[in-house]
Amino acid sequence: MNHPAPTGTPHSPAQLLVEAKRPMHTPAGLVGDTPVLWIGGPFTATGRGFWAKLEGHNPGGIKDRAALHMVRAARERGRLRPGARVIESTSGTLGLGLALAGATYGHPVTVVTDPGMEPLMTGLLTAYGAEVVLVTTPHPEGGWQESRRQRVQELLAVHSDAWCPDQYNNPDNVAAYAPLAHELVAQLGRIDTLVVSVGTGGHSAGVGSVLRGFFPRLRVVGVDTTGSTIFGQPAAPRLMRGLGSSIHPRNVAYDLFDEVHWVAAPEAVWAARRLARDHYATGGWSVGAVALVARWLARTRPAEERIVAVFPDGPQRYVGTVFDDTYCHRHDLLGEPPADHPDEIADSRRRTVTRWTRCTHVADPLAHPERHGLAGAAR
């Protein structure tokens, strides 16, 4: 076998040690310092593109950051006692983060989820030592999320010393993402537009608010899913997990967003699969939705703008859904590519959206609930 000849000046042992990533004493040390990757053609228009922050390089995904920070903060404040149980509702990714935090700080973990949890995730959570509790009936108004949250309250009543992070409303979920923002500044120097998915509101608020402190003219673009109530749409059945909500998390920083896009499941699948084929860097529902919007912005915003999209996780979890033809055919997810441009609405209250749609008027639907047309049962 031919081996390439070494080039450049040989490194001294001291230099090699400085340049090597330091050994980690706990698995928590593996979280952070994730890479950024340029996403250009053929996924984007020729000569245009955006930077992707690959949070799938964390052990469990972006929510490792939040789980570790929330648990650490609760311990420091005395709200979480040594060895006490952590109980939380999750669609999957935060559960992995809490399992990591439990292993790091010595806490048993119970995660409450629903039938939409992929078998792979259930298997991983169990392997990592978490107890998985499944709810079987959605709440008539708050859907699966509210059903899960009610089960969490029942479990907290049984385990009197247990603690719930309450990721939807806990400001520590927002504060956890300041390091991610600082990494982006160090990696890219200047950022003009940030594209982020919105679920609990944690990473969109945490990254966006810190970056706007560095770049006051930063444009923040939120990405939601059709059927989500976060930005004032009526609740509807949602196939996509990891973004969107059937409740109204108080961590969502509505005044931070310049615009919001809703993306439908087939559109997110198309983008996630194209990313995999074109760039060997992809993820699931959130990644596909965010990439679709970032791709459009790269084509329509001024060429000199530096656009960053946060990819919350990698593709492994979605082998049986987004990347499975049988699953996608069963749910009518494979067909025509998305439109070149999103639909436009002036106000999220006026029309229910069912495909990729953009709105530049962003408001908190709970600020004036009587004006926001929130009728409809979440499922």
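Two strands pair if DSSP finds at least two bridges between them. Strands (E, at least two residues) and helices (H or I, at least four) are DSSP runs, numbered from the N terminus. Keep both ideas handy for the exercises.

This is a predicted model, where local features need pLDDT of at least 70 and side-chain atom pairs count only at pLDDT 80 or more, while totals for chains, interfaces and linings use all residues. Residues are numbered from 1 along each chain as its sequence is written, and side-chain values use heavy atoms, with hydrogens and water left out.

**Exercise 1. Find the bridge partner of Leu37 in strand 2, then place that pairing in the sheet.**

Step 1. Look across from Leu37: the bridge partner is Ala52 in strand 2.

Step 2. Check the sense of the pairing. Strand 1 and strand 2 run antiparallel to each other, with four bridges.

Step 3. Zoom out to the sheet. It is open and mixed, with eight strands in the order 1-2-9-6-7-8-11-10. Strand 1 and strand 10 (343–344) are at the edges with a single partner strand each, so one side of each has no neighbour in the sheet.

**Exercise 2. Work out which residues of helix 7 are buried and what they pack against.**

Step 1. Get the cut-offs straight: buried means under 20% relative accessible area, exposed over 50%, and partly exposed in between (1.4 Å probe, protein chains only).

Step 2. List the buried residues of helix 7 (residues 178–188): Ala178, Leu180, Ala181, Glu183, Leu184, Val185 and Leu188.

Step 3. Think about spacing. An α-helix has 3.6 residues a turn, so residues three or four places apart point the same way.

Step 4. Now look for neighbours, using contact (heavy atoms within 4.5 Å). Those buried residues pack against several elements, including helix 2 (63–76), helix 6 (171–175) and helix 8 (202–214).

Step 5. Look just past the end of helix 7: Gly189 has a positive phi of about 80 degrees.

**Exercise 3. Explain why the salt bridge between Glu55 and Arg65 ties together separate parts of the chain.**

Step 1. Know what you're looking for: a salt bridge is a side-chain nitrogen of Lys or Arg within 4 Å of a carboxyl oxygen of Asp or Glu. The structure has 22 of them.

Step 2. Check the distance. The side chains of Glu55 and Arg65 meet at 2.7 Å, N to O.

Step 3. Locate both ends. Glu55 sits in the loop between strand 2 and helix 2, and Arg65 in helix 2, so the salt bridge ties together parts 10 residues apart in sequence.

Step 4. Check accessibility. Glu55 is buried, at 0%, and Arg65 is buried too, at 7%.

**Exercise 4. Which parts of the chain does the Glu259 and Arg219 pair link?**

Step 1. Start with the contact itself: the two side chains of Glu259 and Arg219 form a salt bridge of 2.8 Å, N to O.

Step 2. Place the ends. Glu259 is in strand 8 (residues 259–263) and Arg219 in strand 7 (residues 219–225), 40 residues apart.

Step 3. Finish with accessibility: Glu259 and Arg219 are both buried.

**Exercise 5. Is Arg250 buried or partly exposed, and where does its salt-bridge partner Asp364 lie?**

Step 1. Find the pair: Arg250 and Asp364 meet through their side chains in a salt bridge of 3.0 Å, N to O.

Step 2. Arg250 belongs to the loop between strand 7 and strand 8, and Asp364 to the segment after strand 11 (357–359), so the pair joins parts 114 residues apart in sequence.

Step 3. Compare each value with the cut-offs. Arg250 is partly exposed because its relative accessibility is 41%, and Asp364 counts as buried at 18%.

**Exercise 6. Describe the surroundings of Ser89.**

Step 1. Ser89 belongs to strand 3 (residues 86–89) and is buried, at 0%.

Step 2. List some neighbours. Leaving out residues up to four places away in sequence, Ser89 touches residues including Leu94, Val112, Gln145 and Arg148.

Step 3. Look for a polar contact (a pair of N or O atoms within 3.5 Å; within protein, one must be able to donate a hydrogen and the other to accept it, and residues adjacent in sequence count only if both atoms are side-chain atoms). The side chains of Ser89 and Tyr168 make one at 3.3 Å.
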